[in-house]
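Morning, everyone. I have one structure for you today. Please bring it up on your screens.

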Amino acid sequence: MNERSLFLVAALSGGAVLPVQVALNTLLRRYVGEPMQVTFISYLAGTLASLAICFFARYPSPSWALLSQTSWWMWVGGCLGTLYVWSTIFATPKIGAALTLSLTIAGQMIAALFLDHFGALGLTRYAASPLRIAGIMFVIIGVSLVAAAKK
């Protein structure tokens, strides 16, 4: 397997586990109550899993000198992840996992197209070509079909 294939499989696998995460978090909500409480539990479990992986893989601790050079807004990623997890827990019981994830994928694709096109937040620039825009349009059409099937 070449390096690009490894990245493609990693991205596909990451996407494949999202519906399972949404389903598990939605199930946990039945026992816990509020979506934000489940979000906290999800992040706590993820934090503990990340800590264990770092420990057993013997990754070195990040350099405090380098961390102190970061800007405050670079730390917002976890907050955005909280919003994502909460929104799926909140929406899934009412509109279903397929529509919830279709909408999140459409939102991700639209935002990613802008981030790529402008090279925002330090990303490499990839132009919003007509072919890439057409791909986004197909995603939006797919979301519309999933939404129409729910009525």
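I will go through confidence, the overall fold, one helix and then the pockets.

First, this is a predicted model. How confident is the predictor in the protein chain? The mean pLDDT is 92. 99% of the residues reach 70 or more. Among the elements, helix H2, residues 35–56, has the highest mean pLDDT, at 96. H1 has the lowest, and that is 91.

Now the fold. The secondary structure comes to 6 helices and 0 strands. So reading from the N terminus, you get α-α-α-α-α-α. The C-alpha trace spans about 50 × 45 × 35 Å along its principal axes. There are 151 residues in the chain, and 17% of them count as buried. Next, contacts with a separation of 6 or more. Of those, 58% are between residues 24 or more positions apart.

Let's stay with H1 for a moment. H1 covers residues 3–32. Does its length agree with its residue count, or disagree? Take 1.5 Å a residue: the 30 residues of H1 should then span 44 Å. The end C-alpha atoms are 42 Å apart, so the two agree.

Which residues of H1 are buried? They are Val-22, Asn-25 and Thr-26. Here is some helix geometry to keep in mind. An α-helix has 3.6 residues a turn, so residues three or four places apart point the same way. What covers the buried residues of H1? The cover includes H2, helix H4 at 77–95, and H5.

On to the pockets. The largest pocket holds about 240 Å³ of space. Two helices, H1 and H5, each supply at least two residues of its lining. H5 runs over 97–118. On your screens, pick out Phe-7, Ala-11, Gly-15, Leu-18 and Pro-19, which are among the lining residues. Then add Leu-101, Thr-104, Ile-105, Gln-108 and Met-109, which also line this pocket. What is the lining like by class? Nonpolar residues number 7, polar residues 3, and there are no charged residues.

The second largest pocket has a volume of about 150 Å³. Its lining consists of Thr-47, Ser-50, Leu-51, Cys-54, Phe-55 and Tyr-59. By class, that gives 4 nonpolar and 2 polar residues. Again, no charged residue is in the lining.

To recap: a predicted model, with 6 helices and 0 strands. The largest pocket, at about 240 Å³, has H1 and H5 each contributing at least two lining residues. Thanks, over to you.

Technical notes. Residues are numbered from 1 along each chain as its sequence is written. This is a predicted model: local features need pLDDT of at least 70, side-chain atom pairs count only at pLDDT 80 or more; totals for chains, interfaces and linings use all residues. Side-chain values use heavy atoms; hydrogens and water are left out. On a 1 Å grid over the protein atoms alone, a cavity is a set of points where a 1.4 Å probe fits but cannot get out, and a pocket is an open set with protein on both sides within 12 Å along at least five of seven lines; lining residues have an atom within 4 Å of a point. Grid points are joined across faces, edges and corners, and a volume is the space filled by probe spheres set on the points. Helices (H or I, at least four residues) and strands (E, at least two) are DSSP runs, numbered from the N terminus. Ala, Val, Leu, Ile, Met, Phe, Trp, Tyr, Cys and Pro count as nonpolar, Asp, Glu, Lys and Arg as charged, and the others, Gly among them, as polar. pLDDT is the predictor's confidence in each residue, from 0 to 100. The expected span of a helix is 1.5 Å times one less than its number of residues. Buried means under 20% relative accessible area, exposed over 50%, partly exposed in between (1.4 Å probe, protein chains only). Contact means heavy atoms within 4.5 Å.
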